[in-house]
Amino acid sequence: MSKRKKLTASLEDYLETLYHIIEERQAARVKEIAARLGVQNSSVTGALKNLSQKGYINYAPYDVITLTEKGTETAKDIIRRHEVMKAFIVDILCMEDDEAADEAACSMEHSVPPEVLERIIRLVEFAQICPRSGVQWIAGFKRFCEGQFSRRLCGEDGESCLNPDAKPTEKCTIGTIKPIPLQQIKEGDKGRLVTVDAGSDIYSRFEEMGITPGSLFLVEAIDPLTRDMDVGVRGYHLTIREHDADHIMVAPC
């Protein structure tokens, strides 16, 4: 059984909220936290004292609140769990109601064990890149949920879906596409990690974060001046410098 969970769901919500406020304003105050969470100031004060005693925040009455290093890392983990669960709900379960998906992710992020989270990440990646599943398979699931399922998802008569020995209708290209540097992936496109130069600074960082071959990168934005890349991978949102992107080889999706 996982030993990760040390905070209650309520305290995790406070820590996550604190992180977002501090990202926006460099520090947080009780009234801002109360407004974000829709609670009374007295409730916030009690939670802050608890988080301070546990070493997650720097807190003193009537002063601004900041996160400790421990608090920052824990908050990032909570946010990552939230984003992974929301991606699963939106991208795989095909829920289009963003608010409902966000609320569900908030509930699920507190209880999902690390080993389950890793499998969910892999499932999302696999469903997005495997030709036997991919976007058509996900779209088929959406139609199935809407009562519009058709057996003509993998062939004219649907036999290739029903026959486990049937060949995929699209040739599987996993492992056959020539890798290119991440730097060559365009904004909005994806690539699967193939290798990282073991001598690069980014190698150990990826190793610590569990970003291994097969991990799916989404290039969210590219700075037009510096060419630094904002990418999403395994629930993380990272900024990768141009010189580091040259050491990361990916297979375009």
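Two residues are taken to be in contact when heavy atoms lie within 4.5 Å of each other. With that criterion in place, the structure, which is a predicted model, can be followed from its N-terminal helix to its sheet and then to its largest pocket.

The protein has 253 residues, of which 36% count as buried. Its secondary structure comprises 10 helices and eight strands. Among the contacts with a separation of 6 or more, 60% are between residues 24 or more positions apart.

Helix 1 covers residues 9–25. At 1.5 Å a residue, its 17 residues should span 24 Å, and the C-alpha atoms at its ends are indeed 24 Å apart, so the expected and modelled lengths agree. The buried residues of this helix are Leu11, Glu12, Tyr14, Leu15, Glu16, Thr17, Leu18, Tyr19, Ile21 and Ile22. These buried residues pack against helix 2 (30–37), helix 3 (41–53), strand 1 (57–58), strand 2 (66–67) and helix 4 (69–92). Just after helix 1, the backbone at Gln26 adopts a positive phi of about 75 degrees.

One point of contact between helix 1 and helix 4 can be examined through Gly71. This residue belongs to helix 4. The relative accessible area of Gly71 is 0%, and a residue is buried under 20%, so Gly71 is classed as buried. Leaving aside residues up to four places away in sequence, Gly71 touches Leu15 and Tyr56; Leu15 is itself one of the buried residues of helix 1. Gly71 and Lys54 are 17 residues apart in sequence, and their C-alpha atoms are 9.4 Å apart in space.

The sheet is the next subject. Six strands form an open sheet in the order 3-8-4-5-6-7, and their pairing is antiparallel. Strand 3 (180–181) and strand 7 (236–240) occupy the edges; each has a single partner strand, and therefore one side of each lacks a neighbour in the sheet.

At the strand 3 edge, Pro181 offers a useful reference position, since its place is in that strand. Pro181 has 17% relative accessibility and therefore counts as buried. Not counting residues up to four places away in sequence, Pro181 touches Ala245, Asp246, Ile248, Met249 and Val250. Its C-alpha atom is separated by 9.7 Å from that of Gly191, which is 10 residues apart from Pro181 along the chain.

Further into the strand order, strand 4 (residues 190–196) pairs with strand 8 (residues 248–252) in the antiparallel sense over five bridges. Within this pairing, Thr195 stands opposite Met249 of strand 8. Strand 4 is also joined to strand 5 by three bridges, again with the strands running antiparallel. Here Gly191 faces Phe217 in strand 5.

Strand 5 and strand 6 (residues 229–233) are paired antiparallel over four bridges, and Met229 in strand 6 is the bridge partner of Ile222. The two strands form a hairpin with six residues between them, and Arg227 in the turn has a positive phi of about 65 degrees. Strand 6 then pairs with strand 7 in the antiparallel sense over five bridges, with Asp230 opposite Thr239 in strand 7. This second hairpin has two residues between the strands, and Arg234 takes a positive phi near 55 degrees.

A helix accompanies the sheet. Helix 9 (residues 201–209) lies across strand 4, strand 5 (216–222), strand 7 and strand 8, and runs at about 180 degrees to strand 7.

The largest pocket brings several of these elements together. About 540 Å³ of space lies within it. Its lining consists of 17 residues, and those nearest its centre are Lys76, Asp77, Met209, Tyr236 and Leu238. Helix 1, helix 4, helix 9 and strand 7 are the elements that give two or more residues to this lining. Helix 4 supplies the largest share, six residues. The pocket lining thus draws on helix 1 and helix 4 as well as on helix 9 and strand 7, and strand 7 is one of the two edge strands of the sheet.

Note on methods
Residues are numbered from 1 along each chain as its sequence is written. This is a predicted model: local features need pLDDT of at least 70, side-chain atom pairs count only at pLDDT 80 or more; totals for chains, interfaces and linings use all residues. Side-chain values use heavy atoms; hydrogens and water are left out. The expected span of a helix is 1.5 Å times one less than its number of residues. Buried means under 20% relative accessible area, exposed over 50%, partly exposed in between (1.4 Å probe, protein chains only). Two strands pair if DSSP finds at least two bridges between them. Axes are lines fitted to C-alpha atoms, for helices over the stretch in contact, and angles run from 0 to 180 degrees between N-to-C directions. On a 1 Å grid over the protein atoms alone, a cavity is a set of points where a 1.4 Å probe fits but cannot get out, and a pocket is an open set with protein on both sides within 12 Å along at least five of seven lines; lining residues have an atom within 4 Å of a point. Grid points are joined across faces, edges and corners, and a volume is the space filled by probe spheres set on the points.
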